[in-house]
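Work through the exercises below with the sequence and the coordinates at hand. Each task is followed by a solution in steps.

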Amino acid sequence: MATISKFEDLEIWMEARRLSNEIFHLMSEAENFHNDYRFRSQILAAAGSIMDNIAEGFERNGNVEFRQFLSIAKGSAGEVRSQLYRALDFNYIE
């Protein structure tokens, strides 16, 4: 099994990066989001937090800390999901 030496090689980080980009493009394309700056900022920050916590946890020196940061990233993923439901309920997205 190959050893991963940088977080950019983690499949989970790559997937979180893709999600962050998708959220950004969704916010850019959905006209209703353009005036709701606080909500837009909140969902973009939560989406970015997923990949950032994976990266930070990887850069720490230990599996215990890495697991802790993965747990935080999972929480941010739940936050993004919840916010997407709100966006759907507000008719910001379909």
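## Exercise 1: Ser76 and its surroundings

The side chains of Ser76 and Ser49 are joined by a polar contact of 3.1 Å. The model is a predicted one.

Task. Place Ser76 in the secondary structure, classify it as buried or exposed, and list its contacts beyond four places in sequence.

Solution.

1. Ser76 belongs to helix H3, which covers residues 63-89.
2. The relative accessible area of Ser76 is 7%. Buried means under 20%, so Ser76 is buried.
3. With residues up to four places away in sequence set aside, Ser76 touches Ala46, Ser49, Ile50 and Asn53. One of these, Ser49, is the partner in the polar contact of 3.1 Å.

## Exercise 2: The salt bridges

Task. State how many salt bridges the structure holds, and find which residues are linked in a network.

Solution.

1. The count for the structure is three salt bridges.
2. One of them pairs the side chains of Glu15 and Arg18, with an N to O distance of 2.7 Å. These two residues are three apart in helix H1, so about one helical turn separates Glu15 from Arg18.
3. Glu15 has 46% relative accessibility and is partly exposed. Arg18, at 42%, is partly exposed as well.
4. Another salt bridge connects Arg60 with Glu56, where the closest N and O atoms are 2.6 Å apart.
5. Arg60 also forms a salt bridge with Glu65, and here the closest N and O atoms are 3.3 Å apart.
6. Joining steps 4 and 5 gives a network of salt bridges that links Glu56, Arg60 and Glu65.
7. Accessibility in the network is as follows: Arg60 has a relative accessible area of 33% and is partly exposed. Glu56 is partly exposed at 35%, and Glu65 is partly exposed at 30%.

## Exercise 3: The largest pocket

Task. Describe the largest pocket by its volume, its lining residues and the elements that supply them.

Solution.

1. The largest pocket holds about 230 Å³ of space.
2. Helix H1 (11-29), helix H2 (37-59) and H3 are the elements that each give two or more residues to its lining.
3. H3 supplies the largest share of that lining, with seven residues.
4. In total, 13 residues line the largest pocket, and those nearest its centre are Ile12, Ile50, Ala73, Lys74 and Ala77.
5. By class, the lining of the largest pocket has ten nonpolar residues, three charged ones and no polar ones.
6. Ile50 appears in two exercises: it is among the residues nearest the pocket centre, and it is also touched by Ser76.

## Exercise 4: Ala47

Task. Where does Ala47 lie, is it buried or exposed, and which residues is it in contact with outside its neighbours within four places in sequence?

Solution.

1. Ala47 is part of helix H2.
2. Its relative accessibility is 0%, so Ala47 counts as buried.
3. Once neighbours within four places in sequence are left aside, Ala47 is in contact with Ser20, Ile23 and Val80.
4. For a backbone distance, take Leu19, which is 28 residues from Ala47 along the chain: the C-alpha atoms of the two are separated by 7.0 Å.

Key: Residues are numbered from 1 along each chain as its sequence is written. This is a predicted model: local features need pLDDT of at least 70, side-chain atom pairs count only at pLDDT 80 or more; totals for chains, interfaces and linings use all residues. Side-chain values use heavy atoms; hydrogens and water are left out. Buried means under 20% relative accessible area, exposed over 50%, partly exposed in between (1.4 Å probe, protein chains only). A polar contact is a pair of N or O atoms within 3.5 Å; within protein, one must be able to donate a hydrogen and the other to accept it, and residues adjacent in sequence count only if both atoms are side-chain atoms. Contact means heavy atoms within 4.5 Å. On a 1 Å grid over the protein atoms alone, a cavity is a set of points where a 1.4 Å probe fits but cannot get out, and a pocket is an open set with protein on both sides within 12 Å along at least five of seven lines; lining residues have an atom within 4 Å of a point. Grid points are joined across faces, edges and corners, and a volume is the space filled by probe spheres set on the points. Ala, Val, Leu, Ile, Met, Phe, Trp, Tyr, Cys and Pro count as nonpolar, Asp, Glu, Lys and Arg as charged, and the others, Gly among them, as polar.
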